[in-house]
Amino acid sequence: MAELYVDQSRCQGHARCYMLAPETFMIDDEGYGFVREGREGSYDEENVRKAIRNCPERAIKIRGEEEAK
């Protein structure tokens, strides 16, 4: 099963993910994005796809994406 996540080694805290899909992404105390608990499977939603496309660091990833297609 595919799982949405934010690669913390790439995230620079632009918060575009949170602005585009707040139902799926949160921002931690240091300003870095992460996926809300229970939303790891939302990678196929339009807002999430928009967030993935707009992340300047390409930090939003889908683990096991090949199995999801």
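How many Å apart are the mean positions of the positive and negative charges of the protein chain? They sit 7 Å apart, taken over 11 positive and 15 negative charges. Here Lys and Arg count as positive and Asp and Glu as negative, with His and the chain ends not counted; the place of a charge is NZ of Lys, CZ of Arg, CG of Asp or CD of Glu.

A word on the ground rules: this is a predicted model, where local features need pLDDT of at least 70, side-chain atom pairs count only at pLDDT 80 or more, and totals for chains, interfaces and linings use all residues. Residues are numbered from 1 along each chain as its sequence is written, and side-chain values use heavy atoms, with hydrogens and water left out.

Walking from the N terminus, the elements run β-α-β-β-α-β-α, which comes to three helices and four strands. (Helices are DSSP runs of H or I with at least four residues, strands are runs of E with at least two, and both are numbered from the N terminus.) The C-alpha atoms fill a box of roughly 30 × 20 × 20 Å along the principal axes. The radius of gyration is 11 Å, which agrees with the value near 11 Å for a compact globule of 69 residues; that rule is 2.2 Å times the number of residues to the power 0.38, and the radius is taken over C-alpha atoms.

As for cover, 30% of the 69 residues count as buried (under 20% relative accessible area, with exposed over 50% and partly exposed in between, using a 1.4 Å probe and protein chains only).

Strand 1 (residues 3–6) shows a neat pattern: Leu4 and Val6 point to one face and are buried, while Glu3 and Tyr5 point to the other and are not. In a regular strand, side chains alternate between the two faces of the sheet. Strand 1 pairs with strand 4 (residues 60–63) in the antiparallel sense over four bridges, where pairing takes at least two DSSP bridges. Arg63 in strand 4 is the bridge partner of Glu3.

Now for the loops. Thr24, between helix 1 (16–20) and strand 2 (25–27), counts as buried because its relative accessibility is 0%. Beyond its neighbours within four places in sequence, Thr24 has contacts (heavy atoms within 4.5 Å) that include Leu4, Phe34 and Val48.

Most residues other than glycine have a negative phi. Ala15, however, has a positive phi near 65 degrees; Ala15 lies in the loop between strand 1 and helix 1.
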